[in-house]
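Please look over the following model and consider how its pocket, its helix and its strands relate to one another in the description below.

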Amino acid sequence: MSFAAVQKHVAVLERAGLLTKRRSGRQQLASSDVEAVRSVSSMLAELETLWRGRIDRIDTFLKD
């Protein structure tokens with residue numbers, strides 16, 4: 001992965017509030033917000049459960 005691609009990914013994660021950047025001399029350090037990542041993970045798990053249930057109901061409906 002190129003450096004530019006990494007920078008773009010980091011910028012997206014920063015805008016989403018999942019990490020923060022700070023400077024230390026010439027270096028830019030990134031730190032993740034563990035609680036924010038856990039919150040997103042939990043939300044995605046709930047959405048997965050919701051959609052799997054909907055797809056199962058559609059499958060059942062189409063089989064009848």
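Sorted by class, the residues that line the largest pocket of this predicted model comprise five nonpolar, two polar and one charged. The lining is made up of F3, V6, Q7, V10, K21, Q28, L29 and A30, and the elements that contribute two or more residues to this lining are helix 1 and strand 2. Helix 1 supplies the largest share, with four residues, and the volume of the pocket is about 190 Å³.

Helix 1 itself covers residues 3-15, and because a rise of 1.5 Å a residue is expected, its 13 residues should span 18 Å, which agrees with the 18 Å that separates its end C-alpha atoms. After helix 1 comes G17, a residue with a positive phi near 80°.

Strand 1, residues 19-24, pairs with strand 2 in the antiparallel sense, and six bridges join the two strands. One of the partnerships links S24 to Q27 in strand 2. Two residues lie between the strands of this hairpin, where G25 has a positive phi near 70°.

The glycines with a positive phi that have been described here are set out below.

| Residue | Location | Phi |
|---|---|---|
| G17 | following helix 1 | positive, near 80° |
| G25 | in the hairpin of strand 1 and strand 2 | positive, near 70° |

Which elements, then, give two or more residues to the lining of the largest pocket? They are helix 1 and strand 2, and strand 2 is also the antiparallel partner of strand 1.

Conventions:
Residues are numbered from 1 along each chain as its sequence is written. This is a predicted model: local features need pLDDT of at least 70, side-chain atom pairs count only at pLDDT 80 or more; totals for chains, interfaces and linings use all residues. Side-chain values use heavy atoms; hydrogens and water are left out. The expected span of a helix is 1.5 Å times one less than its number of residues. On a 1 Å grid over the protein atoms alone, a cavity is a set of points where a 1.4 Å probe fits but cannot get out, and a pocket is an open set with protein on both sides within 12 Å along at least five of seven lines; lining residues have an atom within 4 Å of a point. Grid points are joined across faces, edges and corners, and a volume is the space filled by probe spheres set on the points. Ala, Val, Leu, Ile, Met, Phe, Trp, Tyr, Cys and Pro count as nonpolar, Asp, Glu, Lys and Arg as charged, and the others, Gly among them, as polar. Two strands pair if DSSP finds at least two bridges between them.
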